[in-house]
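This report concerns the fold of one chain, its contact with a partner chain and the nonpolar cores of the assembly. Please consult the sequence and structure below while reading.

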Amino acid sequence: MTSPASQNLPIIRLVDVRKSYQMGSLTSHVVQGISLDIQAGEYVCIMGPSGCGKSTLLNLLGCLDQPTSGDYFLGGKNVAHLNDDDLSEVRCRNLGFIFQSYNLIQQLSVLENIAVPLYYRGASDKEMRQKAERLAEQVGLSHRLNHKPNELSGGQQQRVAIARALVNDPLVILADEATGNLDSKSGQEILGIFDELNSQGKTLVFVTHDERMVQRCKRIVRLEDGLVAHDMPGGAALSEKQKVESGKQKQDLQVPSPVH
Amino acid sequence: MSFLAHHPVLRLVLSPQHLWRTVSLGLKTIWLHKLRSFLTALGVVFGVASVVAMLAIGEGASHEAQEQIKKLGSQNIILESVKPPDSQGGAAETRSMVIEYGLTRRDIDQIRRTVPGISIVVPSRILTEIIWNLDRKVDGQIAGVLPVYPEMRNRKLLNGRFFTEMELEANLPVCVLNQSAAAKLFPLNTPTGKSVRVRGYYYKIVGVIEDDSTQAGADSGGGSSNATAQIFIPSTTLMDQFGETFFRYKTGGFEAEKVEFHEAVVRVGDTTQVMSRANAIRQILTSNHKKEDWRMIVPIELLRQAERTKQIFSIVLGSIAAISLLVGGIGIMNIMLASVTERTREIGIRRALGARQADIVVQFLIETTLLAGVGGVIGVIVGLAIPIAISHFAGVTTVVKAWAPALAFSISVLTGVAFGIYPARRAAMMNPVEALRHE
């Protein structure tokens with residue numbers, strides 16, 4: 001699943017995005033001017049102390065909220081000033097959400113939960129069933145299609161959420177503490193799924209505290225007081241780099257220098 | 001088609017699959033909170049049931065009244081002789097006097113001559129007598145009438161025929177029994193062709209006519225024999241045999257009444273003229289009679305009064321029903337507001353997954369409409385059961401018109417929609433971020 005964007009056009013481009021809230025006479029500036037590019041296929045972790053604005057940034061990236069000023073280009077299209085209906089469309093087709101507390105709809109079965117975004121896109125009954133079944137299989141839940149969320153473990157519920165996030169083939173997957181409510185084993189499983197998604201070319205932008213995720217991601221964006229404080233390669237990128245460098249060093253050592 | 005599929009409402013309207021999906025989701029949600037849904041729908045059930053039941057009872061009562069009045073004939077003006085009250089009792093001497101009262105030949109002739117546009121006047125005389133069949137007897141009335149009597153008074157012949165002009169001219173002793181007389185005197189076989197006796201006179205029965213439904217205690221449908229037994233003979237025959245005066249013997253003396261006509265029916269050619277002709281006749285009779293010994297019944301006026309009463313009744317019923325439905329609707333709105341609050345998280349999730357505000361509105365509106373609709377269906381069933389039970393056990397006529405349940409049901413659905421819009425919009429207007437944070 002390659003993204004439609006070319007190498008040069010980032011899948012996400014934030015240009016001086018700001019977000020402020022009015023609380024009575026006080027104005028709170030939560031995001032104070034962030035400019036950021038994310039390319040297709042990246043695996044980005046957004047981190048920072050509490051109150052740094054990372055959740056707000058994620059909401060902006062997810063089109064759940066709109067910036068007070070600045071521009072947000074998603075897949076080349078400026079979504080910063082769209083009306084509510086158009087924003088809903090964008091969320092439906094181009095974005096996938098994964099939440100810390102799974103946020104599945106209790107009255108619906110696993111299959112029906114996965115299919116919800118398809119319904120809002122106007123898909124036919126047949127398409128809904130086929131795609132949902134395929135994705136359930138992809139996350140290893142084919143044997144639980146008719147179960148209700150309260151009959152599943154935390155890890156299983158999060159897998160349903162992942163399948164749901166993928167069902168409309170979005171440009172970007174966003175997650176807020178995806179492993180926050182999971183025990184270490186389930187957490188590992190979920191992280192494994194994320195690795196695989198990324199290796200298939202999916203763009204992942206996650207808010208997290210989980211050290212294991214930091215180790216596996218390719219880029220870390222650290223926020224402080226509503227601004228980007230650090231933007232650096234993540235664990236996976238670092239180890240990649242290390243591998244390349246050590247490979248180079250080895251090469252240098254091994255090749256004899258005949259003439260210098 | 002893909003463009004249409006994007007729009008939340010059109011999507012539902014055009015695709016039965018999606019509509020069914022949303023409806024079944026609504027049904028599931030209602031079923032999930034059975035007690036609460038039931039109590040909510042109860043308001044609508046009462047509202048609808050009361051509309052249907054009260055309309056049926058009202059229609060029934062009005063129908064009864066109108067049928068009875070129609071039997072009298074909407075083009076007719078009925079004149080009756082009434083025994084004046086002040087001629088009862090008194091001194092011993094007056095008990096032997098002949099009391100003269102009521103409509104006279106002079107009245108009839110004057111009416112015929114001076115009032116235009118009236119087609120027939122049917123004078124009749126009614127006497128109270130005992131009617132005999134061999135050794136069976138019944139207290140009844142013997143009436144001398146003209147052959148057009150059944151047509152004028154809208155009374156159907158159940159057997160045989162009425163007597164003819166020829167028989168009238170010839171003063172023949174033929175008669176027609178009413179149903180009640182026939183049942184009492186000839187319980188096992190048809191009377192037609194046989195004879196009855198009144199005093200010393202024998203009459204051959206040529207037919208049987210239905211009972212007078214305006215009589216108290218008569219059942220217009222069913223042939224109950226509470227009606228007075230009646231025997232109809234040609235008025236000329238009656239005049240011949242019984243004369244104009246008859247005597248009634250009582251202890252301590254006798255009482256004699258002289259009445260020329262007990263009853264006359266005037267038919268007006270044009271229903272719009274009825275009231276004016278009635279006024280004209282009233283003037284004639286008032287000037288001719290010093291005593292209050294006559295009475296006029298104008299069926300069309302009664303009919304109009306009945307209509308007015310029915311209208312007032314309908315307005316009152318309608319108001320009561322409207323209030324019950326209002327209460328039901330408020331109940332629905334109350335529950336839906338609570339439901340929306342409970343499901344704030346779910347609304348946030350759906351919005352995050354791509355639901356538009358209109359999608360949320362539709363989802364909740366369908367739920368309220370279903371609640372109100374189910375309440376409406378149950379209300380119609382209960383509302384139909386009540387008049388049937390009343391008809392069955394209390395013998396009161398009820399009439400259910402086809403439009404009443406349909407109207408009541410539609411109103412219940414509209415109530416659901418109207419009172420569901422506010423909660424649904426509140427749900428849709430929620431900020432997704434805040435909604436997701438809830439609870």
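In chain B of this predicted model, residues 24 or more positions apart account for 81% of the contacts with a separation of 6 or more. Chain B contains 15 helices and 13 strands. Of its 439 residues, 39% are buried.

One helix pair of chain B can be described in detail. Helix α4 (residues 34-72) of chain B packs against helix α14 (residues 403-429) of chain B at an angle of about 155°, and their axes are 9 Å apart. Because angles over 145 degrees count as roughly antiparallel, α4(B) and α14(B) are roughly antiparallel to each other. The crossing of α4(B) and α14(B) is right-handed. On the α4(B) side, the contact is made by B:Val44, B:Gly47, B:Val48, B:Val51, B:Val52, B:Leu55 and B:Ala56. On the α14(B) side, the contributing residues are B:Ala404, B:Pro405, B:Ala408, B:Phe409, B:Ser412 and B:Thr415. By class, this contact of α4(B) with α14(B) comprises 10 nonpolar and 3 polar residues, with no charged residue.

Chain B also meets chain A: 20 residues of chain B are in contact with 19 residues of chain A. The helices of chain B that each supply at least two residues to the side touching chain A are α1 (2-6), α3 (16-32), α12 (344-352), α13 (357-394) and α15 (432-437). Among these, α12(B) provides the largest share, 5 residues. The side of chain B that touches chain A has 8 nonpolar, 5 polar and 7 charged residues.

The two contact surfaces are set out by residue class below.

| Surface | Nonpolar | Polar | Charged |
|---|---|---|---|
| Contact of α4(B) with α14(B) | 10 residues | 3 residues | no residues |
| Side of chain B that touches chain A | 8 residues | 5 residues | 7 residues |

Turning to the nonpolar cores, the largest has 118 residues, and those with the most contacts inside it are A:Ile46, A:Ile114 and B:Val52. Helix α4(B) gives the most to this core, with 12 residues. B:Val52 also belongs to the contact between α4(B) and α14(B). As for A:Ile114, leaving aside its neighbours within four places in sequence, this residue is in contact with A:Ala132, A:Leu135, A:Ala136, A:Val160, A:Ala163, A:Arg164 and A:Val167. A second, separate core has 47 residues, including B:Ile126, B:Tyr149, B:Phe162 and B:Leu238.

Conventions. Residues numbered from 1 in each chain as written. Chains lettered and ligands numbered in written order. Predicted model: local features only at pLDDT ≥ 70, side-chain atom pairs only at ≥ 80, totals over all residues. Helix = DSSP H or I, 4+ residues; strand = E, 2+ residues; numbered from the N terminus. Buried ≥ 20, exposed ≤ 12 C-beta atoms within 10 Å, placed from the backbone. Contact = placed C-beta atoms within 7 Å. Axes fitted to C-alpha atoms, helices over the stretch in contact; angles between N-to-C directions. Parallel < 35°, antiparallel > 145°, perpendicular 65-115°, else oblique. Left-handed = near helix turned anticlockwise from the far one by under 90°. Nonpolar A, V, L, I, M, F, W, Y, C, P; charged D, E, K, R; others polar. Core = buried A, V, L, I, M, F, W, Y, C linked by C-beta atoms within 7 Å.
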